[in-house]
Amino acid sequence: TEIGAGRPGWHIECSAMSTKYLGKRFDIHIGGADLIFPHHENEIAQSEAGYNTKPWVRYWMHNEWVLVDGEKMSKSKNNFYKLADITEKGLKPMHFRYFCLLGHYRKPLNFTWENLKAARNAYERLKNIISELKDDKKINKKYIGEFKEAINDNLDMPGALQVLWNLLRDKNTSGKLRTIKEMDRVLGLNL
């Protein structure tokens, strides 16, 4: 190979930018699973050696692919959508957000129009149920505890949503509305 072939600058750029904005040690670094090797391993090696700090990053989070109709989404395949494409079909950005929360970041998420419409239906049903609740100013500690447990389990957002639905289905509990508002501080679903 020719001297200078490859892309070592890419790894250095990321280390330099991360350190400039986040410091010589920071808590969370995210990226796609395809970046673990060689990119993130190179970032770690050069940053830990260059800044004499170990670990350079405390937690690494690697997401899986977003699929479209079962295939990897990519510009080259022209199988990607923009938010405008979603809204042109009468769907709301919040429907897409709910759809994304249904999948775990470490597992592939398969975007189909049918899946997005199912997420829309579930989200709208959720909003309708919540609109009927009376605010009793209490927070249900049991369900907040379960919600936090799901979030703390490697950001198990599908599990956190299940806790919310379990709370709604529980006929023998109080503090539903206030508890849902607290959960929504994390979910960001404008419930």
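This passage describes two neighbouring helices, a buried aspartate and several salt bridges in a predicted model.

Helix α6 covers residues 141-152. At 1.5 Å a residue, its 12 residues should span 16 Å, and the end C-alpha atoms are indeed 16 Å apart. Five residues of α6 are buried: Y143, I144, F147, A150 and I151. Seen down the helix axis, these buried residues fall within an arc of 120°, so they line one face of α6. An α-helix has 3.6 residues a turn, so residues three or four places apart point the same way. The other side of α6 carries the exposed residues K141, K142, K148, E149 and N152. The buried residues pack against two helices, α7 (157-169) and α8 (176-187).

Both ends of α6 have local features. At the N-terminal end, N140 acts as a cap. A side-chain oxygen of N140 lies 3.1 Å from the backbone nitrogen of K142. After the helix comes N154, which has a positive phi, near 55°.

Helix α7 also agrees with its expected length. Its 13 residues should span 18 Å at 1.5 Å a residue, and its end C-alpha atoms are 18 Å apart. At the start of α7, a side-chain oxygen of D156 comes within 2.9 Å of the backbone nitrogen of G159. The buried residues of this helix are M157, G159, A160, L161, V163, L164, W165, L167 and L168. They pack against α4 (93-101), α5 (113-131), α6 and α8.

L168 gives a closer view of this packing. This residue of α7 is buried, with a relative accessible area of 11%. Residues up to four places away in sequence aside, L168 touches L126, I129, I130, L133, K176 and I180. W60 is remote from L168: the two are 108 residues apart in sequence, and their C-alpha atoms are 34 Å apart in space.

D170 sits in the loop between α7 and α8. It is buried yet has no salt bridge. The nearest side chain of opposite charge belongs to K142, 5.0 Å away. A salt bridge requires a nitrogen–oxygen distance within 4 Å. D170 does have a polar partner, however. Its side chain and that of Y143 are joined by a polar contact of 2.7 Å. Leaving out residues up to four places away in sequence, D170 touches Y143 and K176. Y143 is itself one of the buried residues of α6.

Side chains of opposite charge can pair when their charged atoms come close. Across the whole structure, seven salt bridges are found. One of them joins D27 and R58, with the closest N and O atoms 3.0 Å apart. D27 lies in strand β1 (residues 26-32) and R58 in strand β2 (residues 57-63), so the pair ties together parts that are 31 residues apart in sequence. Both partners are partly exposed: D27 has a relative accessible area of 43%, and R58 stands at 46%.

A second salt bridge links the side chains of E71 and K77, at 3.4 Å from N to O. E71 is partly exposed at 43% relative accessibility, as is K77 at 45%.

A further pair is formed by K137 and D135, at 3.6 Å from N to O. K137 is exposed, with a relative accessible area of 60%, whereas D135 is partly exposed at 30%. Through shared partners, salt bridges join D135, K137 and K181 into one network.

Note on methods
Residues numbered from 1 in each chain as written. Predicted model: local features only at pLDDT ≥ 70, side-chain atom pairs only at ≥ 80, totals over all residues. Heavy atoms only, no water. Helix = DSSP H or I, 4+ residues; strand = E, 2+ residues; numbered from the N terminus. Expected span 1.5 Å × (residues − 1). Buried < 20%, exposed > 50% of the residue type's maximum accessible area, 1.4 Å probe, protein only. Arc of directions from axis to C-beta. Contact = heavy atoms within 4.5 Å. Polar contact = N/O pair within 3.5 Å; in protein donor to acceptor, adjacent residues only side chain to side chain. Lys, Arg positive; Asp, Glu negative; His and termini not counted.
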